[in-house]
Amino acid sequence: MYTDKALDLNITYIGSDVEGFAWEYVQEISKRKEFIGNVTVYDVEGKTQEHEELTYSDILEEALSETDFIIIAMQPDLTGNLMQKLAKLSEIATSIKEYCPKAWVINYTNPMNSSLQRLYEGYPGIKVLGCCQEVFGNQNLWDLMLEKSMAKLRECKVS
């Protein structure tokens with residue numbers, strides 16, 4: 001039976017940044033009428049401001065239990081905590097392997113190459129997609145370039 005609703009879908013947001021596009025994206029998902037499921041938030045720094053549509057957990061394993069999708073958005077700040085964030089990613093990946101090995105992970109953590117390497121080190125079988133936010137900004141540029149190219153193509157006449 002077809003349905004236009006996402007039924008019983010569990011999403012976990014793991015972040016250190018409760019601002020920015022990934023956090024806004026998670027909040028938007030939880031408010032959509034098509035979404036019937038649960039969004040659990042685990043803030044690695046414990047700074048999350050609570051929103052009524054979301055579930056919160058201070059325990060990583062609890063946040064990951066029975067989840068289908070994981071969104072990770074941990075951004076290093078200017079105090080040089082990059083190595084701490086990368087070490088945390090290995091820990092997160094090990095927990096994913098133990099508590100939700102079939103879950104898909106969307107990683108927005110920079111630097112992208114290093115963060116993906118740490119996730120694979122923690123769980124070699126992880127299903128992860130690295131999505132740097134610059135990709136979304138460039139999408140508009142690619143759309144514009146394609147539109148101009150198609151317009152030029154339409155002007156060409158075949159003889």
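Here's a quick briefing on two helices and three of their buried residues. Keep in mind that the model is a predicted one. Most of what follows concerns helix α3, which covers residues 82-99, and then there's a stop at Ser30 in helix α1.

**Helix α3 overall**
- Counting 18 residues, α3 runs 26 Å from its first C-alpha to its last, close to the 26 Å expected at 1.5 Å a residue.
- Its buried residues include a run of hydrophobic names such as Leu86, Leu89, Ile92, Ala93 and Ile96, but Lys85, Lys88, Ser90 and Ser95 are on the list too.

**Lys88**
- Lys88 sits in α3 and counts as buried because its relative accessibility is 17%, with the cut-off at under 20%.
- Its side chain makes a polar contact with the side chain of Glu91, at 3.1 Å.
- Setting aside residues up to four places away in sequence, Lys88 touches Tyr42, Val44 and Met74.

**Ser95**
- Ser95 is another α3 residue, and its 7% relative accessibility is why it counts as buried.
- Beyond its neighbours within four places in sequence, Ser95 is in contact with Leu60, Glu61, Leu64 and Cys100.

**Ser30 in helix α1**
- Ser30 belongs to α1, which spans residues 20-31.
- With a relative accessible area of 13%, Ser30 is buried as well.
- Once neighbours within four places in sequence are left out, the contacts of Ser30 are Phe35, Val39, Glu53 and Leu54.
- From Ser30 to Ile11 it's 19 residues along the sequence, and 9.3 Å in space from C-alpha to C-alpha.

Technical notes: Residues are numbered from 1 along each chain as its sequence is written. This is a predicted model: local features need pLDDT of at least 70, side-chain atom pairs count only at pLDDT 80 or more; totals for chains, interfaces and linings use all residues. Side-chain values use heavy atoms; hydrogens and water are left out. Helices (H or I, at least four residues) and strands (E, at least two) are DSSP runs, numbered from the N terminus. Buried means under 20% relative accessible area, exposed over 50%, partly exposed in between (1.4 Å probe, protein chains only). A polar contact is a pair of N or O atoms within 3.5 Å; within protein, one must be able to donate a hydrogen and the other to accept it, and residues adjacent in sequence count only if both atoms are side-chain atoms. Contact means heavy atoms within 4.5 Å. The expected span of a helix is 1.5 Å times one less than its number of residues.
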